[in-house]
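Colleague: Before planning my work at the bench, I should like to go through this protein with you. May I put my questions in turn?

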Amino acid sequence: MERRPVSNPLVRFRDLSVTYDEGEGPAPAKVTLLEDQSRTILSQNDSPDVGFRWSANPYRGCLHACAYCLDGATPILMGDGRTRRLEDVRIGDEVYGTRLEGRYRYYVRTRIENHWATKKTAYAVKLADGTKLTASGDHRFLTNRGWKYVAQAERPAQRPFLTHGNQLLGLGQLASGRAETDDYKRGYLTGMIRGDGLLRSYDYSNQRRRRDVQYQFRLALADLEALHRSQRYLADLAVETTEFQFAAARSGHRAVQAIRANSRSTFDRVTELIEWPELRSDEWMRGFLGGLFDAEGSRSQHVLRIASMNTVVTERTMEAMMCWGFDAVVERIEREDAPMFNVRLRGGLREHIRFFHTVDAAISRKWDIEGTALKTTADLRVVSVEPIGPRDLFDITTGTGDFIANGVVSHNCYARPTHEYLDMGAGTDFDTKIVVKRNAPELLREAFDKKSWKGELVMFSGVTDCYQAIERDLLITRQCLEVCLEYKNPVSVISKSALVERDIDLFLELAKHARFNIHISLAFTDNEMSRSLEPWAASPDRRFKTIERLAKAGVPVGVMCAPIMPGINDSQLVGVLERAAGAGATTAGWVLLRLPGAVKQVFEERVREVMPLAAGKVLHRIRSTRGGEKLYDASFHTRSRGQKTYTNTIAIIFDTTIKHLNLNL
């Protein structure tokens with residue numbers, strides 16, 4: 001799907017407040033109408049896969065009212081492992097999102113594509129581990145049962161929302177940043193220099209040298225982040241150093257830079273700075289862990305450890321770990337010259353991230369969690385969701401469609417402000433910009449007046465639901481059907497909207513004076529599953545009721561089981577047919593899920609949102625219906641039915657069921 005440029009001089013904008021029938025869509029929302037200036041209404045179809053040649057599409061696009069927002073102070077996990085307030089991030093910044101691969105979701109880096117602010121009613125979400133989130137009711141978080149909104153929709157709309165006990169996925173509350181106090185700086189330098197520095201004096205008094213005693217301080221590192229931080233802290237604490245290249249880059253090794261100072265006063269000052277203080281404050285111990293980790297720490301193979309051959313350093317490390325509430329153990333490794341000690345942090349990724357954010361280590365490569373599986377060990381159950389009134393809220397768009405907000409996986413507004421959304425039920429686009437053919441009735445009359453017109457059946461609609469919510473106010477579809485009645489032209493309608501009940505009188509006249517039928521697009525019996533994939537469509541229960549009302553009025557009505565989505569709703573096919581027949585449907589059809597063009601990406605993203613654990617299996621099964629490699633094959637005869645054993649099985653089940661139910665007789 002491509003963006004529609006709002007500056008197109010051929011398009012005129014108009015804002016309209018739309019109301020929905022019971023069981024359909026969200027609360028009234030504001031939409032923008034784009035006037036379609038095309039000179040035709042009928043589209044010709046040359047595919048042998050459908051039973052009509054001509055279709056009429058009064059609309060292109062459907063209303064989609066979606067907004068996602070978080071409090072500006074919410075800490076966002078950036079691509080370098082640190083955090084930044086949501087209101088302070090910018091387009092182009094790198095952040096962490098997630099990506100589903102197979103059965104597991106993994107952390108990956110992604111870029112911010114959009115960033116904006118708004119004012120909305122906010123909710124305070126509290127989790128069992130103490131995590132607090134402030135978000136609009138329309139924001140979504142990833143739970144162990146898929147994506148859920150913060151609050152339920154206004155009636156009659158429905159959507160999955162957070163309730164007490166729901167388990168969110170992620171790391172849990174992120175540690176907040178702290179100021180760089182003098183105690184922190186001293187602790188950091190102590191850990192860094194004792195771990196990786198050289199501080200030594202050389203006495204040459206018996207060797208007739210110009211200077212009997214020489215003093216040397218040197219710190220050499222390949223990671224400039226830690227080197228430059230150390231140099232800055234030393235300068236803040238009255239130690240001036242010079243930088244030089246210690247070792248050039250060579251095969252398999254990075255270049256090493258260093259800082260140094262050789263005066264007696266500098267030597268004495270550095271010695272003083274890294275002495276073990278008798279009273280070690282919390283900030284000193286936090287800095288000590290940060291500096292020592294930069295010097296001697298590592299995180300690989302999901303293990304975070306700090307190595308040392310000095311027993312005193314190891315003791316101080318454990319003391320600092322306990323001070324900040326970290327669960328660590330000492331592992332002794334025997335070596336020929338002397339034993340080495342590893343202080344290993346336990347608790348998995350959640351504790352690793354808390355360690356990084358608490359001690360604020362400088363070397364960002366050690367913060368890398370890309371490719372790490374998303375596993376929740378924190379108690380992220382929802383304790384409460386309470387409205388707190390209007391707030392200034394912020395949101396972003398990222399390349400993965402999500403980001404990590406205060407430690408939990410948060411959905412973003414994927415393509416705002418021109419958000420693309422796919423209605424899986426009939427291939428309809430839901431968008432805030434709806435293209436309207438206001439002159440469709442006149443264009444249809446012109447087409448019927450042509451000598452070349454042979455009175456063939458016209459399908460409403462071949463692309464977009466002609467009874468979407470805005471039709472209630474604009475009446476374009478009804479006016480087109482009145483033209484068909486005037487010319488006694490055969491008509492077929494397919495829709496998933498309860499709004500069709502408005503035109504029962506017109507349907508009866510069409511059935512009496514021309515050939516007419518209507519099919520209700522319906523592929524679910526499960527209301528909750530339908531809502532997750534068709535969020536603004538009428539529920540299955542509501543659509544079965546529509547079939548019943550049409551049938552009782554005498555309107556020829558059928559059910560179109562579309563789209564059949566392998567691994568999602570294929571198991572509901574028999575149930576749909578049975579309930580539709582019981583409601584009065586006399587005909588039935590089915591269409592396999594079609595994913596042409598950019599729709600493939602939209603569908604995959606939607607499935608990964610609402611079915612995070614099953615998405616891999618679903619996509620694999622869909623590929624199996626398209627030869628095993630592709631999500632879609634546009635070839636005639638296969639694009640609507642697929643191929644291979646799986647789709648043959650669906651066809652057999654469908655044919656057997658409709659025969660049993662006396663449908664299509």
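The exchange below concerns a predicted model and proceeds from the overall make-up to single residues.

Colleague: How many helices and strands does the protein have, and what percentage of its residues is buried?

Modeller: By count of elements, the protein has 16 helices and 32 strands. Among contacts with a separation of 6 or more, residues 24 or more positions apart account for 71%. Of the 665 residues, the buried share is 53%.

Colleague: In the sheet that contains E14, which strands stand at the edges?

Modeller: That sheet is open and has four strands, in the order E14-E15-E17-E16, with antiparallel pairing. Its neighbouring strands are turned against each other by 30° on average, direction ignored. An edge strand pairs on one side only, and this applies to strand E14 (197-203) and strand E16 (242-247).

Colleague: Which residue is the bridge partner of glycine 197?

Modeller: E14 pairs with strand E15 (residues 213-221) in the antiparallel sense, over seven bridges. The bridge partner of glycine 197 is found in E15 and is leucine 219.

Colleague: Which helix lies across E14, E15 and strand E17?

Modeller: Two helices should be considered here. Helix H1 (residues 182-196) lies across E14 and E15, at about 100° to E15. The helix that lies across E14, E15 and strand E17 (256-261) runs at about 130° to E14, and is helix H3 (residues 264-273).

Colleague: Why is one side of E18 and of E20 left without a neighbour in the sheet?

Modeller: E18 and E20 belong to an open sheet of four strands, in the order E18-E19-E21-E20, with antiparallel pairing. Strand E18 (297-300) and strand E20 (328-333) are at the edges, so one side of each has no neighbour in the sheet, as each has a single partner strand.

Colleague: At what angle does helix H5 run to E21?

Modeller: Helix H5 (residues 311-323) lies across E19, E20 and strand E21 (340-345). Its direction relative to E21 is given by an angle of about 10°.

Colleague: Over how many bridges do E10 and E22 pair?

Modeller: Strand E10 (residues 104-127) is joined to strand E9 (residues 94-101) by eight bridges, and the two run antiparallel. E10 also pairs with strand E11 (residues 132-136) in the antiparallel sense, over five bridges. With E22 the pairing is again antiparallel, and histidine 115 stands opposite isoleucine 396 in E22. The number of bridges between E10 and E22 is 15.

Colleague: Which residue takes a positive phi in the hairpin of E10 and E11?

Modeller: In the hairpin of E9 and E10, with two residues between the strands, glycine 102 takes a positive phi near 65°. The hairpin of E10 and E11 has four residues between the strands, and there the positive phi, near 100°, belongs to glycine 130.

Colleague: Is the aromatic pair of tryptophan 284 and phenylalanine 288 stacked or edge-to-face?

Modeller: A search of the whole structure finds 18 aromatic pairs. In this one, the centres are 5.3 Å apart and the planes differ by 5°. Both residues lie in helix H4 (residues 282-296), four residues apart, about one turn of the helix. Because planes under 30 degrees apart meet the criterion, the pair is stacked.

Colleague: Are tryptophan 284 and phenylalanine 288 buried or exposed?

Modeller: The cut-off for a buried residue is under 20% relative accessible area. Tryptophan 284 has 4% relative accessibility and so counts as buried. Phenylalanine 288, at 1%, likewise counts as buried.

Colleague: With which side chain does the side chain of aspartate 503 make a polar contact?

Modeller: Aspartate 503 is in the loop between strand E29 (491-495) and helix H10 (504-513), and is buried, with a relative accessible area of 0%. Not counting residues up to four places away in sequence, aspartate 503 touches Tyr467 and Arg478. The polar contact, at 2.6 Å, is with the side chain of arginine 478.

Colleague: How far apart in space are aspartate 360 and arginine 82?

Modeller: Aspartate 360 lies in the loop between helix H6 (348-359) and strand E22 (382-398). The residues it touches include Arg82, Arg229 and Trp367. Aspartate 360 and arginine 82 are 278 residues apart in sequence, yet their C-alpha to C-alpha distance is 8.3 Å.

Note on methods
Residues numbered from 1 in each chain as written. Predicted model: local features only at pLDDT ≥ 70, side-chain atom pairs only at ≥ 80, totals over all residues. Heavy atoms only, no water. Phe/Tyr/Trp six-rings, centres within 6.5 Å; stacked < 30°, edge-to-face > 60°. Buried < 20%, exposed > 50% of the residue type's maximum accessible area, 1.4 Å probe, protein only. Pairing = 2+ DSSP bridges. Axes fitted to C-alpha atoms, helices over the stretch in contact; angles between N-to-C directions. Contact = heavy atoms within 4.5 Å. Polar contact = N/O pair within 3.5 Å; in protein donor to acceptor, adjacent residues only side chain to side chain.
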